Structures are given as structure tokens and as C-alpha cells.
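Reader: I have a new model on my screen and would like to learn how to read it. Could you take me through it feature by feature?

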Amino acid sequence: MMASLSVTLPKNVIIPSKTPALRTPSSQSLSVVPKSQFYGIRLSFSSNLPIPSSTFVKTTTISAKVNKGQVPPSFTLKDQDGRNVSLSKFKGKPVVVYFYPADETPGCTKQACAFRDSYEKFKKAGAEVVGISGDDPSSHKAFAKKYRLPFTLLSDEGNKVRKEWGVPSDLFGALPGRQTYVLDKNGVVQLIYNNQFQPEKHIDETLKLLQSI
């Protein structure tokens, strides 16, 4: 015969009737404020939306509308002195047209100064150099004066020409692209060079091409 057992607990002890199940989060909240000092552009965003534990990032390749062997769309833009300058003005000689993000940012300053330092080599090759960004003429004038830039800077406000030429953007569209075109004396594109993160290489590549044509 089994003996019965009786246990008396203190009044302040509570035994839960059901143990709650532990919850394992399948997602995390993220708040990020990245900063790009190299190009002078600050990207700031914050999100409390859940990010799945398995994230798939889709990248898109943008094809340029202007390709090697083509004659690009003509344009007329204001230079750093407020004068209208047309692409047709340069026909009959090679021209280097380089699109850059913005005046006074470190990468663009390095690139402009590299073109300046090699400007005599471009002249020896019989070529003109033209820089284009979305800055207004007064910004271009201050930029050219500060760094003693001997070449033309054109103001593409609204980025109309950039879009017509199909210059791809970087950082998912947040940063205007850095792309250089070399046109021969007939206005035909002989080189398209894109390199956002090594701005000075644009000079090496364009000179290499100019010295071969």
C-alpha cells in the first residue's frame, strides 16, 4: 500500500499554470546613417522596418544610350562665365567630355586637378577638355578660379544632357555617375570610361587613347 504525500507551500509562492513559450525573433530592426565624405555627399536614412534574416539584393545594370562609334546628342550649355557653348564648337578636333558629380567634392577636385596638371599633354594631342556637372555657372566659376582650371566647365542644371547621353548613376541612383567620353575630330565617340572611385584614372585612359588616334 502506497503512502500519500502532502506538501504545504508558503502563501507567497505561485506556480504558473502554463509556461510561456520563448519567442525567437526572425527579424531585426535596423537604423543606419552612413556617410560618404570622399564624394562630399551625405546619405542619411533610418528605418525600423524588419529586415528578413535572409536578404536578397537585386542590382541593376544601366546601359548607356551613347555607345562607342556613335555621334552623341548635341547640346548647348552655359560655361563658367555664363556664355553659351555648343558641342559643335569643338568639331574638327578631338574633345574629352567628362561628366562628374559636383564641384568642390574631394573626388571631383582630384579629377579636375589631374586634368589641369596634364592639360599641356591634351593640348599637344590637339584635344579640348570639357567638364560637365549639374552645378550652376557661378559654382563652376569659383571652382575653376580656386584650382586654376584652364579648361571649360559646363552647367547641366537639371541633368538633361547627362540623361540624354545615358550616364549611369552610382549608389543605387544616389550619386551622379563619373563618366568620360573621347570624341574624335568628326564627333564620333572613340572611348567611354567609367570609374567613380578612381577619378584620376580618367586622365590616364583618355591620354592613352588620344595618343593612339
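Reader: Let me begin with one side chain: is E104 buried, exposed or partly exposed?

Author: Burial is judged by relative accessible area: buried means under 20%, exposed over 50%, and partly exposed in between, using a 1.4 Å probe and protein chains only. E104 has a relative accessible area of 37%, so this residue is partly exposed. Before going on, please note that this is a predicted model, in which local features need pLDDT of at least 70, side-chain atom pairs count only at pLDDT 80 or more, and totals for chains, interfaces and linings use all residues. Residues are numbered from 1 along each chain as its sequence is written, and side-chain values use heavy atoms, with hydrogens and water left out.

Reader: What is the mean pLDDT of the protein, and where does pLDDT stay under 50?

Author: pLDDT is the predictor's confidence in each residue, on a scale from 0 to 100. Here the mean is 80, and 70% of the residues reach 70 or more. Residues 1–5 stay under 50, and the model gives them zero contacts (heavy atoms within 4.5 Å) beyond four places in sequence. Residues 22–64 are also below 50, with 46 contacts in the model beyond near neighbours in sequence.

Reader: Back to E104, then. Which side chain does E104 meet in a salt bridge?

Author: A salt bridge is called when a side-chain nitrogen of Lys or Arg lies within 4 Å of a carboxyl oxygen of Asp or Glu. By this rule there are six salt bridges. E104 meets K146, at 3.5 Å from N to O. This pair links distant parts of the chain, with K146 in helix α3 and E104 in the loop between β5 and α1, 42 residues apart.

Reader: How many residues apart are E205 and K208 in helix α5?

Author: They are three residues apart, about one turn of the helix. E205 and K208 form a salt bridge whose closest N and O atoms are 3.7 Å apart. E205 counts as partly exposed because its relative accessibility is 21%, while K208, at 53%, counts as exposed. Elsewhere, salt bridges that share partners join D79, D81 and R83 into one network. Within that network, the closest N and O atoms of R83 and D81 are 3.2 Å apart.

Reader: Now for helices. What span should helix α1 have?

Author: Helices (H or I, at least four residues) and strands (E, at least two) are DSSP runs, numbered from the N terminus. The expected span of a helix is 1.5 Å times one less than its number of residues. Helix α1 has 12 residues (106–117) and should therefore span 16 Å, which agrees with its end C-alpha atoms being 16 Å apart. Its buried residues are G107, C108, T109, Q111, A112, C113, A114 and F115. They pack against several elements, including β5 (95–99), α2 (119–124) and α5 (201–210).

Reader: Which aromatic rings does F115 pair with?

Author: Rings of Phe, Tyr and Trp (its six-membered ring) pair if their centres lie within 6.5 Å; planes under 30 degrees apart count as stacked, over 60 as edge-to-face, and the rest as tilted. The structure holds 12 aromatic pairs. F115 and F122 make a tilted pair, 5.5 Å centre to centre with 40 degrees between the planes. F115 and F151 are edge-to-face, because their centres are 6.2 Å apart and their planes stand at 70 degrees. That second pair joins helix α1 to the loop between α3 and β7, across 36 residues. F115 and F122 are buried, and F151 is buried too. One aromatic cluster includes these rings, with Y98 and Y147 among the other members.

Reader: Which strands does β5 pair with?

Author: Two strands pair if DSSP finds at least two bridges between them. β5 runs parallel to β6, with five bridges, and antiparallel to β8, also with five bridges. F99 has I132 in β6 as bridge partner, and V95 has L183 in β8. Both faces of β5 are covered: V95, V97 and F99 are buried on one side, V96 and Y98 on the other.

Reader: What stands opposite K78 in β4?

Author: N84 does. β3 (residues 76–79) and β4 (residues 84–86) pair in the antiparallel sense over three bridges. Their hairpin has four residues between the strands, and G82 takes a positive phi near 80 degrees. β3 also pairs with β7 (residues 152–155), antiparallel over two bridges, where S155 is the bridge partner of K78.
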